[in-house]
Amino acid sequence: MFSEDKENKYIAEEAINSPSLKYNLDSVEQRISAACKRSGRKRNEVTLIAVSKTKPISMIYEAYEVGIRHFGENKVQELLEKCNTFSSSHGEVEWHLLGHLQRNKVKYIIDKVSLIHSVDSLRLGLQIEEEAAKKGIQCDILIEVNIAAEETKYGVRVEELLPLVNQLADLPHINIRGLMAIAPYVTNPEQNRMYFREMRELFIDIRAKNIDNEVKYKLFNILSMGMTGDFEVAIEEGATMVRVGTGIFGERSYIV
Ligand SMILES: *Cc1c(COP(=O)(O)O)cnc(C)c1O
């Protein structure tokens, strides 16, 4: 169905039972709690998404066993295979699409994911609206912001954000739940603090500007930012969702 994904070997990857997964998760949990405490926030204000991309389903079972209920994937095909295999026996799990989404693949995932983090164009938004309408569902989305204006990244530029929010806001089958950002790769997470802070300001701005459309904007309450290298700083700056892969599942080996 998706030719570019033929080489994907994650399903076949040897099922390694890693005694370290629980240990890793405990340590991530402790760090989340500490960051919440430092910034005067409650632990339940932050949702941890375990980013399982490239990892075998056996590890998703393991993560489930130790309490994880939110899983993040980057690719449509991989998300579908994992979700179809796993969710038949574990209904209450939520799947998050984090990676770039092509319009022709929207129809495959629209009723499988609980949140699409990577909406960055009107065209994609309209496609989601159309497919959601066909299925008679509401689709929760985040708008991805290319906060550091990096050439290599997807997402809207800061100046494009408000126009896009306004264009998508009134589509009846879409709920704009908030914003997402992938901060630059840095060795010292403090270097990303200013980007996280700017994201939080944009987030608050949008909420303030749209108080007149109260019904829709009370749903605008998710700020998805922070990964293994910088999630603590992101939480201190207001993240409500952090996406942690390596910190939970270990390093990824890409087979290309
Ligand atoms: C891979 C990925 C993550 C997790 O990255 P880690 O550094 O392994 O925690 C988070 N968000 C997105 C969008 C990703 O693609």
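The ligand in this predicted model sits in the largest pocket. That pocket has a volume of about 710 Å³, and 28 residues line it. If you want to find its centre, look for Lys 53, Ile 182, Ala 183, Met 227 and Arg 252, the lining residues that lie nearest to it. The lining is a mix: eleven of its residues are nonpolar, ten are polar and seven are charged.

Now let's move in to the ligand itself. The residues around it include Val 51, Lys 53, Asn 74 and Leu 98, and further along the chain you meet Ile 182, Met 227 and Thr 228. Then comes a run from Arg 243 through Val 244 and Gly 245 to Thr 246, with Arg 252 completing the group. Sorted by kind, this shell holds five nonpolar, four polar and three charged residues.

So which residues offer polar atoms to the ligand's oxygen atoms? Asn 74 is one of them: an N or O atom in its side chain is 3.0 Å from a ligand oxygen. Gly 245 uses its backbone instead, with a polar atom there 2.8 Å from an oxygen of the ligand. Thr 246 joins in through its side chain, where a polar atom lies 2.5 Å from a ligand oxygen.

How much of the ligand does the protein bury? On its own, the ligand would expose 390 Å², and the protein buries 91% of that.

Terms used
Residues are numbered from 1 along each chain as its sequence is written. This is a predicted model: local features need pLDDT of at least 70, side-chain atom pairs count only at pLDDT 80 or more; totals for chains, interfaces and linings use all residues. Side-chain values use heavy atoms; hydrogens and water are left out. A residue is near a molecule or strand if one of its heavy atoms lies within 4 Å of it. A polar contact is a pair of N or O atoms within 3.5 Å; within protein, one must be able to donate a hydrogen and the other to accept it, and residues adjacent in sequence count only if both atoms are side-chain atoms. Accessible areas come from the Shrake-Rupley method with a 1.4 Å probe; for residues, only the protein chains shown count as cover. On a 1 Å grid over the protein atoms alone, a cavity is a set of points where a 1.4 Å probe fits but cannot get out, and a pocket is an open set with protein on both sides within 12 Å along at least five of seven lines; lining residues have an atom within 4 Å of a point. A molecule sits in a cavity or pocket if more than half of its atoms lie within 2 Å of its grid points. Ala, Val, Leu, Ile, Met, Phe, Trp, Tyr, Cys and Pro count as nonpolar, Asp, Glu, Lys and Arg as charged, and the others, Gly among them, as polar. Grid points are joined across faces, edges and corners, and a volume is the space filled by probe spheres set on the points.
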